[in-house]
Amino acid sequence: MPVTVLLVDDEPLVRAGLRAVLEAQPDIEVVGEAADGAAVIPLVRKLRPDVVAMDVRMPLLDGIEATRAVLRTVDDPPKILVITTFENDEYVYEALRAGAAGFLLKRARPAEIVHAVRLVAEGDSLLFPASVRQLAAEYGDDGGNRAARAVMERAQLTEREAEVLRLMARGLSNAEIAARLVVGTETVKSHVSAVLAKLGARDRTQAVIAAYESGFVALG
């Protein structure tokens with residue numbers, strides 16, 4: 001089955017460019033478009049896309065609030081891939097904190113766009129881990145977030161789960177973590193699932209942000 005994508009951006013040329021790039025791939029299908037975040041929820045419920053590629057800045061409802069709304073109100077919600085003009089943008093970090101699984105620059109090359117959609121859809125690796133770390137260092141609390149520290153303390157991760165979380169923060173995929181720890185991929189998947197469940201994180205990105213903001217993983 002192809003990865004299905006909903007495009008949300010107030011610039012028609014951006015939507016047209018993304019559609020052209022994505023629909024050139026045999027395993028990706030663009031199932032719909034919207035010009036503002038306010039239209040996302042009904043389209044998601046109707047089209048059931050795997051990924052929503054959504055602009056972070058829009059006139060009526062921006063990508064941050066649209067991400068919160070989708071994840072709060074839609075059963076089995078899609079992965080959210082935030083589209084942005086600027087990499088070092090507080091809006092992007094807030095969207096990630098709200099539940100977006102990753103972000104994509106509008107100036108990205110076609111191969112990078114395709115890779116981002118596939119990676120977010122698969123969910124077994126962190127998209128642009130160095131950039132996520134940079135955003136956390138710039139806009140996060142760097143260990144000063146009491147709520148994040150409390151969540152991490154309550155999680156009571158095992159030694160192996162803690163090791164897996166640190167490797168996740170470095171951007172390693174399940175297969176790479178398995179090779180590093182000399183265990184099977186299914187074992188790593190089980191550890192990742194346990195980490196997400198204990199932290200109450202929707203995906204790897206939220207788990208890694210919690211790790212940074214609690215001080216569990218150093219930003220330096």
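The questions and answers below go through a predicted model of one protein chain, from its overall build to one helix and one pocket.

Q: How many helices and strands are there in the protein chain?
A: The C-alpha atoms of the chain in this predicted model fill a box of roughly 50 × 35 × 30 Å along the principal axes. Within the protein chain, the secondary structure comes to eleven helices and five strands.

Q: What radius of gyration does the protein chain have, and how does that stand against a compact globule?
A: Buried residues make up 51% of the 220 residues, and 69% of the contacts with a separation of 6 or more are between residues 24 or more positions apart. A compact globule with 220 residues would have a radius of gyration near 17 Å, and the protein chain agrees with this, at 17 Å.

Q: Is D89 buried or exposed?
A: D89 is found in the loop between β4 and α4, and, leaving aside its neighbours within four places in sequence, it is in contact with V56, R57, T84, L135 and Y139. Buried means under 20% relative accessible area. D89 has a relative accessible area of 5%, so it counts as buried.

Q: Which residue has a side chain joined to that of D89 by a polar contact of 3.1 Å?
A: The residues in contact with D89, leaving aside its neighbours within four places in sequence, include V56 and R57. The polar contact of 3.1 Å joins the side chain of D89 to that of R57.

Q: Which residue caps the N-terminal end of α4?
A: The loop between β4 and α4 holds D89, while the helix is followed by G99, whose phi is positive, near 130°. At the N-terminal end of α4, a side-chain oxygen lies 2.8 Å from the backbone nitrogen of Y91, and the capping residue that supplies this oxygen is D89.

Q: Against which elements do the buried residues of α4 pack?
A: The buried residues of this helix are V92, Y93, A95, L96 and A98. Their packing partners are one strand at 79–84, β4, and another at 102–105, β5, together with the helices α3, α6 and α11.

Q: Which residues lie nearest the centre of the largest pocket?
A: The largest pocket has a volume of about 340 Å³, and α3, α4, α7 and α11 each supply at least two residues of its lining. The lining divides into ten nonpolar, four polar and five charged residues. Of the 19 lining residues, those nearest the centre are R97, L199, Q206, I209 and A210.

Terms used: Residues are numbered from 1 along each chain as its sequence is written. This is a predicted model: local features need pLDDT of at least 70, side-chain atom pairs count only at pLDDT 80 or more; totals for chains, interfaces and linings use all residues. Side-chain values use heavy atoms; hydrogens and water are left out. On a 1 Å grid over the protein atoms alone, a cavity is a set of points where a 1.4 Å probe fits but cannot get out, and a pocket is an open set with protein on both sides within 12 Å along at least five of seven lines; lining residues have an atom within 4 Å of a point. Grid points are joined across faces, edges and corners, and a volume is the space filled by probe spheres set on the points. Helices (H or I, at least four residues) and strands (E, at least two) are DSSP runs, numbered from the N terminus. Ala, Val, Leu, Ile, Met, Phe, Trp, Tyr, Cys and Pro count as nonpolar, Asp, Glu, Lys and Arg as charged, and the others, Gly among them, as polar. Buried means under 20% relative accessible area, exposed over 50%, partly exposed in between (1.4 Å probe, protein chains only). Contact means heavy atoms within 4.5 Å. A polar contact is a pair of N or O atoms within 3.5 Å; within protein, one must be able to donate a hydrogen and the other to accept it, and residues adjacent in sequence count only if both atoms are side-chain atoms. The radius of gyration is taken over C-alpha atoms; the globule rule is 2.2 Å times the number of residues to the power 0.38.
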